[in-house]
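Thanks for coming, everyone. I'd like to walk you through one structure today, starting with its sheets and ending with a few backbone oddities. Please have it up on your screens.

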Amino acid sequence: MMQQYLRLKAQYPDLLLFYRMGDFYELFYEDAEKAARLLDITLTTRGQSAGRPIRMAGVPFHAVEQYLARLVKLGESVVICEQIGDPATSKGPVERAVTRIVTPGTLTDSALLDDKSDSLLLALAPQKNLMGLAWLNLANGDFRLLEVGPGALAAQLERLRPAEILVPDGTPPDFPENAAAPIRRLPDWHFDRDAASRGLTLHFGTRDLAAFLPESGPESPNDAPTAALAAAGALFQYARTTQNQALAHITTLTLERESEWLRLDAATRRNLELTETLRGEPAPTLLSLLDDCRTSMGSRWLRHCLHHPLADRAAAAARHAAVAELAGEAGNGPFAALQSSLRGFADVERITARIALRSARPRDLSALRESLVNLDALRTPLATAQADLLRALCADLATPADCLGLLARAIAPEPAAVLRDGGVIAEGYDGELDELRAIQQNCGAFLLELEARERTRTGIANLRVEYNRVHGFYIEVSHANAGKVPDDYRRRQTLKNAERYITPELKAFEDKALSAQERALAREKLLYEELLARLAEDIPALQRIARAVALLDGLAAFAAISVRANWCRPQFAETFSLEIEAGRHPVVEAQVDSFIANDCRFDATRRMLLVTGPNMGGKSTYMRQVALIVLLAHCGAFVPAGAARIGPVDAIYTRIGASDDLASGRSTFMVEMTEAASILHGATEHSLVLMDEVGRGTSTFDGMALAFAIARHLLEKNRGYALFSTHYFELTRLAEDYAECANVHLDAVEHGHSIVFLHAVEEGPASQSYGIQVAALAGIPGSVIRDAKRRLRQLENREVDAGPQGDLFAAAPEPVEAEPHPALDALRALEPDNLSPREALERLYELKRLAK
């Protein structure tokens with residue numbers, strides 16, 4: 001047995017091997033030590049191998065999923081080795097084989113997955129100045145490709161948040177930088193473009209990949225996404241190996257373009273707290289506010305939607321129309337009825353994947369059956385819909401009659417949780433199975449009849465005929481009646497107060513009954529496997545239904561928040577403009593009793609707003625709410641405002657907050673400047689840029705100079721929508737030099753020894769920062785506050801000794817007119833093109849003499 005184990009382990013030296021032995025999965029040697037440490041299970045030793053005790057640890061097979069979940073969360077991968085032979089007929093060790101490999105990026109079991117987020121497997125293939133990405137959601141079969149420049153990789157990792165990353169073995173050890181997911185290194189030859197093309201065309205059953213990637217057709221082979229295709233080949237082979245079978249639910253391959261979505265870099269996704277707070281918590285975030293979805297599919301769609309705002313404004317407007325119809329004129333639309341129908345709807349998306357992988361459990365199929373029955377109730381509110389998107393969804397929710405009929409006939413109304421317990425296939429579905437079950441069900445009547453006959457024959461009134469799993473059928477007689485036992489009784493077990501016997505008649509019945517049970521379970525297993533194979537034909541229809549339900553659930557959640565929080569339908573404009581009336585920050589508004597709404601206006605003559613005001617005054621909230629309103633509009637949702645009119649936008653950039661990156665050796669200021677550099681290089685005239693207190697991480701004059709120059713660059717070069725907050729009041733002078741720059745401020749007033757923030761945005765610059773007053777609110781000792789006030793008065797009165805740092809904004813000295821010099825006159829008179837080398841040398845000596 002250990003030789004068998006070692007042969008299997010040699011194939012997976014870097015993974016934990018769960019080796020099935022009876023009712024346990026065992027681990028040996030280093031695997032046992034590692035598992036004992038990670039899972040807090042007992043480490044023991046048994047026997048010897050090569051003269052050393054065998055270290056081992058194990059987990060019960062019926063509880064294996066909870067242990068797998070813990071290991072996957074720790075980034076570990078596990079090889080599952082099952083017994084495939086029959087212990088009763090095996091002469092040597094029971095035959096075993098690897099049935100699947102569980103890795104963080106290839107999960108499909110509901111016990112191992114987060115219901116509300118996707119688990120993506122990502123492969124990276126760097127080539128020259130290009131980065132090929134391919135990612136797969138094995139739980140729903142979504143397979144996508146993308147090619148970007150190497151500098152855009154960080155933003156893509158933040159967008160996708162993969163659970164596992166595959167990279168070529170030849171890449172640097174720290175590639176990719178700052179990856180939060182486990183990294184698996186594969187041989188470089190796995191990332192071969194030609195092999196990938198052959199493997200994928202074989203899987204899809206096509207001549208080439210032109211139907212999925214038009215650029216890869218025979219007419220334009222040089223335009224194919226070479227790097228992304230290489231990554232796709234490695235990823236597909238890895239996924240197929242882990243599942244140990246074909247991936248029937250992967251029916252298409254999608255090539256993404258960066259231009260499909262508004263560009264959001266990694267810093268923007270973090271700073272806007274779309275799905276995770278800056279502290280890494282799931283709430284309060286924009287997702288936690290919006291997620292009123294009734295299905296896990298809808299919640300996952302909503303998460304994806306917030307990270308993928310649509311660049312196609314027609315598609316976003318189609319969602320707006322659908323949300324408007326679901327919400328109704330006065331909040332009386334059909335969204336509430338839809339949400340009621342969606343409650344309890346099964347995760348059809350993931351059940352479909354498990355059907356394709358032959359791992360669906362009986363209760364998956366019963367839940368799928370009930371959900372398909374519920375499709376009629378979902379279509380009813382959509383039957384009279386006017387919005388094009390809702391009409392399309394109504395068509396996609398058509399009930400697959402054959403699939404539903406099969407499930408209704410084949411699966412019992414309340415099946416067992418696992419197939420091995422039996423009772424999964426419905427009565428009447430299979431005649432042979434019904435006959436075998438009838439034998440088992442008639443056991444009770446036979447035993448009662450036998451018990452009555454034996455009591456009469458023996459005269460033992462308390463004789464009992466019973467059954468248990470260990471000893472099978474038996475006749476129990478008390479010791480007091482042992483003398484009355486007939487000669488044909490054979491002792492089976494002795495107890496303290498009784499004897500248990502078997503008779504030839506009872507033994508014959510036992511063989512028949514137990515054989516019927518075993519044959520019924522075997523028959524049920526065969527029928528279940530045939531059922532999964534038949535359901536696999538309906539995978540495209542089930543995937544269509546899953547997508548439609550997810551989108552409908554997400555749109556209903558958009559409608560619910562628009563009614564509950566009084567959000568408005570945004571309008572798109574064709575010219576450079578951004579006009580928001582009474583805008584609010586959606587998350588902050590939900591956390592406070594009263595929120596002060598504010599306007600925001602950009603147009604061709606007003607491209608930058610310089611935002612000043614006190615700390616805690618609401619500058620960052622104001623800037624973020626503008627970005628969130630733009631993002632929500634492009635997601636297809638209504639927005640938290642009285643009205644919103646949004647011109648062309650291609651990206652949202654933010655430089656907000658202060659944090660260092662010690663792991664990469666970058667200070668707070670370095671992080672700030674890196675983010676600012678990314679914005680200055682990437683922002684276009686249609687980008688929305690949020691710059692919060694740039695330059696605060698260095699000396700006052702250095703920071704002020706940098707902030708001044710960055711603001712000028714945004715005005716002169718990038719020329720997009722820019723919100724630029726600062727405490728450097730000297731920057732407010734930019735509005736005097738640039739007509740496209742406007743000052744706005746959030747004010748506060750002092751009341752006694754405290755300060756009251758007004759949170760209202762007004763035109764013009766702020767009068768002061770109130771920094772000392774805010775420090776007092778934070779609990780700074782009074783003596784420090786008094787000392788700070790004295791120092792402030794000295795600074796304002798210029799009473800502090802001047803240091804070596806000059807005043808950046810002091811008036812420049814008058815230029816001094818230079819006196820004439822004969823050397824300069826002689827230099828001006830030279831005609832270099834008319835001089836020979838000898839003449840040039842003579843003139844050079846003459847200039848040197850004049851200079852002296």
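**Two sheets and some unusual backbone**

Let's begin with strand β15 (residues 472–478) and strand β17 (residues 498–502), which run antiparallel and are joined by 4 bridges. A word on terms: helices (H or I, at least four residues) and strands (E, at least two) are DSSP runs, numbered from the N terminus, and two strands pair if DSSP finds at least two bridges between them. If you want one position to look at, find I475, which stands opposite Y501 in β17.

Before going further, some housekeeping. This is a predicted model, so local features need pLDDT of at least 70 and side-chain atom pairs count only at pLDDT 80 or more, while totals for chains, interfaces and linings use all residues. Residues are numbered from 1 along each chain as its sequence is written, and side-chain values use heavy atoms, leaving out hydrogens and water.

Back to our pair, then. Which sheet do β15 and β17 belong to? They sit in an open sheet of 4 strands, with the order β14-β15-β17-β16 and antiparallel pairing. At the edges stand β14 (464–468) and β16 (490–494); each has a single partner strand, so one side of each is left without a neighbour in the sheet. On average, neighbouring strands here are turned by 40 degrees against each other, direction ignored.

Now for the helices on this sheet. Helix α18 (residues 443–458) packs on it, touching β14 and β15, and its direction makes about 145 degrees with that of β14. Contact here means heavy atoms within 4.5 Å; axes are lines fitted to C-alpha atoms, for helices over the stretch in contact, and angles run from 0 to 180 degrees between N-to-C directions. Helix α19 (residues 504–535) lies across β14, β15, β16 and β17, and runs at about 145 degrees to β15.

Let's move to another sheet. This open one has 6 strands in the order β11-β10-β7-β8-β9-β12, and its pairing is mixed. Its edges are β11 (183–186) and β12 (254–255), each with a single partner strand, so one side of each has no neighbour in the sheet. Further in, strand β8 (residues 130–137) pairs with strand β9 (residues 142–148) in the antiparallel sense, over 7 bridges. There you can spot M131, whose bridge partner in β9 is V148. Helix α6 (residues 226–243) lies across β7 (121–127), β8, β9, β10 (164–168) and β11, at about 35 degrees to β8.

Now the backbone oddities. Most residues other than glycine have a negative phi, and most peptide bonds are trans. With that in mind, where does P176 lie? It is in the loop between β10 and β11, and the peptide bond leading to it from F175 is cis, with omega near -10 degrees. The bond from A283 to P284 is cis too, with omega near 0 degrees; P284 lies in the loop between α7 (266–271) and α8 (286–290).

Go back to the loop between β10 and β11, as N178 is also there. N178 is not a glycine, yet has a positive phi of about 55 degrees. Is N178 buried or exposed? Its relative accessible area is 55%, so it counts as exposed; buried means under 20%, exposed over 50%, partly exposed in between (1.4 Å probe, protein chains only).

Finally, M616 has a positive phi of about 70 degrees, again without being a glycine. M616 lies in the loop between β21 (608–612) and α22 (619–635), and is exposed at 60% relative accessibility.
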